[in-house]
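Got your viewer open? Grab the selection tool and we'll take a walk through this one, stop by stop.

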Amino acid sequence: MKVSKLYISLLFSLTLSSCSKEFLDLKPISSATYDNFYRTADDFRNAINGAYASLQSGGVFGNSYVFGDVASDNTVPPASGSVTDQDEFDRFYIRTTNPFISGRWNDSYSAIARFNTILEKIGPVSIDETLKNRYIAETKFLRALVYFNLVRTFGDVPLVLKSISNPDEGYEYGRSPKADVYAQIEKDLTEAEGVLPVSYATADIGRATKGAAKALLGKVYLTEKKYAQAAAKLKEVIDLGVYDILPNYADVFKVSNKNNKESVFDVQYKSGGAGEGNSWPNSFAPENSGNAVIAFGGGGNNQPTADLINSYEPGDKRKDASLATSYVNASGQTIPYNFVKKYYDTPATNGDNGNNIPVIRYADVLLMYAESLNEVGYQANGDAFTYLNKIRNRAGLASKTATDIPTQQAFRLAMEQERRVEFAFEGQRWYDLVRTDRAIPVLNSKKDQIRLVNVLTENNLVDPIPQSQIDINKSKIQQNPGY
């Protein structure tokens, strides 16, 4: 009997990770077994470290730029080499067998299997109750985060909240309505925010905090168009008083400055040859550039479009901190080439960079709060303007007033522009356009410029379900319309 990859991952993906004394020092456990591992506080700490490590996988956040940037008008894949899989996202002819699609599905459900197992195993174990409750809250935060990516990518998805010990049981899971998935995400985050600490000691920096849970819940509410709830929740993050935007935008992304006051939640990476390095800086550097941009060359992925480059206002400091349009090669020649430079490191080996992947920054909290306030009700020169202008002023730009932005709709468009340049190459643009109902008009207006194969329709707002899932469980898993 065949078993789908989803259900294989639910059963057998418990690849445990451990650490010495540091949260980021993750190494595989080869001798622990499923039945005898979950016994002590250290066992659960190791398991939860492995749960955090699952965020690094390609389908969860490792390839998030394909879903969030390449699919938008911000970036394109390289023009040479084996690029068909990414080009399908760029031009919207995505196959049901696309490996990025199956990777997101399989890696996400593999991670969810870890989370569910931890939540089931930890209850009866005798460990400090405060620590136990924190571990439960961290795990629920992670589960909510991964489901948030899944439901925004595919729409209705199987909602699996328990470990599956029998392959046949997996066949009982069909696609749950996205409203049910969002309800569970809200439940997990609400429970997590009430338990998670505001901050951690140095050794545990990077774990989910109260602010991270509140901020993610605020983003979920905003995505669901629950604007009053989003505004209230995001204001709670602001009122915690533990975050701030850094004075210099470029400093936010320096490897030496990770987990700074602007970081609400990042996917953690660590260079040093332990398999915990980030490949983005090498992947994004220009093809055939040798070591002119970064050691060990580049892959040319996620190239900024001319449309994005031209969208920066004159004097916007974020432009030079985020991208370049040329580089000087070893012969001293200036080579025209658009590339991302927001993520940079000096790795000792190829792809072993120390950059984190930002998931939620405090700048995001402030802009989401401003957006929520405007959706609740436009107020000329009100608080929404205050928070919008905090971000603009940091970028070296003049404040906007009601003279510049006289209506609610005008504020929406100003917010769309501000988010585009503030979060360029952070995997947000596509999801911003979808949740504001702007993906279809914006991308179709640039159809020739961004080389769309066909005019976008509602069908394109979610990706296809992996064909392997449908083939194995046709009675429960049906394809999204248009694929």
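What follows is a tour of a helix contact, some empty spaces and a handful of single residues. Keep in mind throughout that this is a predicted model.

**Stop 1: a helix crossing**

Select residues 84-91, helix α6, together with residues 99-122, helix α7. How are the two helices packed? Their axes sit 8 Å apart and meet at an angle of about 90°, which means α6 is roughly perpendicular to α7. Now show side chains for the residues that touch: α6 brings Asp85, Gln86 and Phe89, while α7 brings Pro99, Phe100 and Ile101. Colour that contact by class and you get four nonpolar residues, one polar and one charged.

**Stop 2: the largest cavity**

Next, the enclosed voids. Rolling a probe the size of a water molecule over the atoms shows where empty space is left. The count here comes to four cavities of 30 Å³ or more, and the largest has a volume of about 230 Å³. To centre your view on the largest cavity, pick Phe61, Asn149, Arg152, Val359 and Gly427, the closest to its centre among the 20 residues of the lining.

Which elements should you switch on around it? Those giving at least two lining residues each are α4 (58-62), α5 (64-70), α8 (129-154), α11 (210-223), β8 (357-361) and α19 (429-435). By class, the lining of the largest cavity splits into 11 nonpolar, four polar and five charged residues.

**Stop 3: the second largest cavity**

Keep β8 displayed, as this stop uses it too: β8 gives three residues to the lining of the second largest cavity, the most of any element. Add β4 (263-267), which also supplies at least two. The volume of this cavity is about 160 Å³. Select Val252, Phe253, Asp266, Asn356 and Pro358 to land in the middle, since 17 residues line the second largest cavity and these are the closest to its centre. What is the lining made of, class by class? It has six nonpolar, six polar and five charged residues.

**Stop 4: the largest pocket**

Now for an open space. The largest pocket holds about 440 Å³. Select Lys178, Tyr182, Thr223, Val434 and Val462, which are the closest to its centre out of 17 lining residues. For the surrounding frame, turn on α8, α10 (178-193) and α19, the elements that give two or more residues to the lining of the largest pocket. By class, the pocket lining has seven nonpolar, three polar and seven charged residues.

**Stop 5: Arg394**

Jump to helix α17 (residues 383-394) and select Arg394. Buried or exposed? Arg394 has 6% relative accessibility, so it counts as buried. Show its contacts and the list fills up: leaving out residues up to four places away in sequence, Arg394 touches Ile245, Leu246, Pro247, Asn248, Tyr249, Val252, Glu262, Lys317, Arg361, Ala363 and Glu422. You've met Val252 already, as one of the residues closest to the centre of the second largest cavity.

**Stop 6: Ser72**

Select Ser72 in the loop between α5 and β3 (75-76). With 2% relative accessibility, Ser72 counts as buried. Beyond its neighbours within four places in sequence, Ser72 is in contact with Arg429, Trp430 and Leu443. For a distance check, draw a line to Arg134: the C-alpha atoms are 37 Å apart, with the two positions 62 residues apart along the chain.

**Stop 7: Glu313**

Where is Glu313? Look in the loop between α14 (306-311) and α15 (317-322). Glu313 is partly exposed, at 26% relative accessible area. Aside from neighbours within four places in sequence, Glu313 is in contact with Arg392 and Leu397. Another line to draw runs from Glu313 to Ala201: 40 Å from C-alpha to C-alpha, and 112 residues apart in sequence.

**Stop 8: two positive phi angles**

Finish with some backbone torsions. Select Asn381, in the loop between α16 (362-376) and α17. Its phi is near 55°, a positive value in a residue that isn't glycine. Then go to Arg451, in the loop between α20 (439-444) and α21 (467-472). Phi of Arg451 is near 60°, again positive in a residue other than glycine. Arg451 is partly exposed, with a relative accessible area of 38%.

Note on methods. Residues are numbered from 1 along each chain as its sequence is written. This is a predicted model: local features need pLDDT of at least 70, side-chain atom pairs count only at pLDDT 80 or more; totals for chains, interfaces and linings use all residues. Side-chain values use heavy atoms; hydrogens and water are left out. Axes are lines fitted to C-alpha atoms, for helices over the stretch in contact, and angles run from 0 to 180 degrees between N-to-C directions. Helices (H or I, at least four residues) and strands (E, at least two) are DSSP runs, numbered from the N terminus. Angles under 35 degrees count as roughly parallel, over 145 as roughly antiparallel, 65 to 115 as roughly perpendicular and the rest as oblique. Contact means heavy atoms within 4.5 Å. Ala, Val, Leu, Ile, Met, Phe, Trp, Tyr, Cys and Pro count as nonpolar, Asp, Glu, Lys and Arg as charged, and the others, Gly among them, as polar. Buried means under 20% relative accessible area, exposed over 50%, partly exposed in between (1.4 Å probe, protein chains only). On a 1 Å grid over the protein atoms alone, a cavity is a set of points where a 1.4 Å probe fits but cannot get out, and a pocket is an open set with protein on both sides within 12 Å along at least five of seven lines; lining residues have an atom within 4 Å of a point. Grid points are joined across faces, edges and corners, and a volume is the space filled by probe spheres set on the points.
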